[in-house]
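Colleague: Before I use these labels, I would like to hear the reasoning behind them. Can we go through them one at a time?

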Amino acid sequence: MDIKDATLVMLSESADHPAVASLAQSAYQRLMNDQPVDYRLLDELIGEASGKGVLRALHAKYGPLGHEAIIGPILTEIGRQKPIRSTGQPAPADPEADPLRASTWPPR
């Protein structure tokens with residue numbers, strides 16, 4: 001299943017949830033018009049679908065493999081586009097304060 005089919009299934013399965021259906025409709029329309037779909041729209045679609053129980057209903061209706069086939073392409077596209085945030089500590093403003101970046105070793 002490709003992302004276009006996945007968003008169409010999400011659209012059809014979310015008829016009882018207007019917020020999810022609206023997001024799925026928007027993503028599907030962009031894909032049908034050969035326009036890029038921003039990861040934030042897809043991320044919001046998955047978040048709304050999760051919060052409204054649509055993902056749970058998909059799992060119950062289609063089983064684990066069907067569920068993965070539907071949401072997998074959407075999650076893959078989110079993963080491909082979404083920037084990765086660094087979780088490391090920011091470097092100190094003064095490199096001399098960091099012994100690993102200082103120009104000379106501190107005296108013992």
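Modeller: What follows takes the labels in turn, for a model that is predicted.

Colleague: Start with the helices. Why is α1 called roughly antiparallel to α2?

Modeller: The axes of α1 (residues 3-13) and α2 (residues 18-32) cross at roughly 150°. The label applies to angles over 145 degrees, so α1 counts as roughly antiparallel to α2. The two axes come within 8 Å, and α1 passes α2 in a left-handed crossing.

Colleague: Which residues of α1 and α2 meet there?

Modeller: From α1 the residues are Ile-3, Lys-4, Thr-7, Leu-8, Met-10 and Leu-11. They meet Ala-21, Ala-24, Gln-25, Ala-27, Tyr-28, Leu-31 and Met-32 of α2. By class, that contact has ten nonpolar, two polar and one charged residues.

Colleague: What makes α3 and α4 roughly antiparallel?

Modeller: The axes of α3 and α4 cross at roughly 160°. The cut-off is over 145 degrees, and α3 and α4 are therefore roughly antiparallel to each other. Their axes come within 10 Å, with α3 passing α4 in a left-handed crossing.

Colleague: Which residues make up the contact of α3 with α4?

Modeller: On the α3 side they are Tyr-39, Leu-42, Asp-43, Leu-45, Ile-46, Ala-49 and Ser-50. On the α4 side they are Val-54, Leu-55, Ile-71, Ile-74, Leu-75, Glu-77, Ile-78 and Gln-81. The contact of α3 with α4 divides into eleven nonpolar, two polar and two charged residues.

Colleague: How do α1 and α4 cross?

Modeller: Their axes come within 8 Å and cross at roughly 145°. α1 passes α4 in a left-handed crossing. The contact includes Ala-6, Val-9 and Glu-13 of α1, which meet residues of α4 including Leu-58, Tyr-62 and Ile-70. Its residues divide into eleven nonpolar, one polar and three charged.

Colleague: Which residues of α1 are buried?

Modeller: Ile-3, Ala-6, Thr-7, Val-9, Met-10 and Leu-11 are buried in α1. The buried residues of α1 pack against α2, α3 and α4.

Colleague: Now the charged pairs. How many salt bridges does the structure hold?

Modeller: It holds four. One of them joins Asp-38 to Arg-40.

Colleague: What makes Asp-38 and Arg-40 a salt bridge?

Modeller: Their closest N and O atoms are 2.7 Å apart. The limit is within 4 Å, so the pair of Asp-38 and Arg-40 qualifies as a salt bridge. Asp-38 is partly exposed at a relative accessible area of 30%, whereas Arg-40 is exposed at 55%.

Colleague: How do you know that Lys-82 and Asp-43 also meet in a salt bridge?

Modeller: The N to O distance for Lys-82 and Asp-43 is 3.5 Å. Set against the limit of within 4 Å, this makes the pair a salt bridge. It links distant parts of the chain, 39 residues apart: Lys-82 is in the segment after α4, and Asp-43 is in α3 (residues 39-51).

Colleague: Why are Lys-82 and Asp-43 called partly exposed?

Modeller: The class runs between the 20% and 50% cut-offs. Lys-82 has 38% relative accessibility and Asp-43 has 32%, so both count as partly exposed.

Colleague: Where in the chain are Glu-77 and Arg-80, and how far apart are they?

Modeller: Both are in α4, three residues apart, which means a separation of about one helical turn. Their side chains meet in a salt bridge, at 2.7 Å from N to O.

Colleague: Why do Glu-77 and Arg-80 get their accessibility labels?

Modeller: Buried means under 20%, and Glu-77 is at 19%, so Glu-77 counts as buried. Exposed means over 50%, and Arg-80 is at 61%, so Arg-80 counts as exposed.

Colleague: What makes His-67 buried?

Modeller: His-67, in α4, has 15% relative accessibility and therefore counts as buried, the cut-off being under 20%. Leaving out residues up to four places away in sequence, His-67 touches Leu-55, Leu-58, His-59, Tyr-62 and Gly-72.

Colleague: And why is Ala-93 given its label?

Modeller: Ala-93 has 84% relative accessibility and the cut-off is over 50%, so Ala-93 counts as exposed. Ala-93 lies in the segment after α4. From Asp-34 it is 59 residues away in sequence and 45 Å away in space, C-alpha to C-alpha.

Conventions
Residues numbered from 1 in each chain as written. Predicted model: local features only at pLDDT ≥ 70, side-chain atom pairs only at ≥ 80, totals over all residues. Heavy atoms only, no water. Axes fitted to C-alpha atoms, helices over the stretch in contact; angles between N-to-C directions. Helix = DSSP H or I, 4+ residues; strand = E, 2+ residues; numbered from the N terminus. Parallel < 35°, antiparallel > 145°, perpendicular 65-115°, else oblique. Left-handed = near helix turned anticlockwise from the far one by under 90°. Contact = heavy atoms within 4.5 Å. Nonpolar A, V, L, I, M, F, W, Y, C, P; charged D, E, K, R; others polar. Buried < 20%, exposed > 50% of the residue type's maximum accessible area, 1.4 Å probe, protein only.
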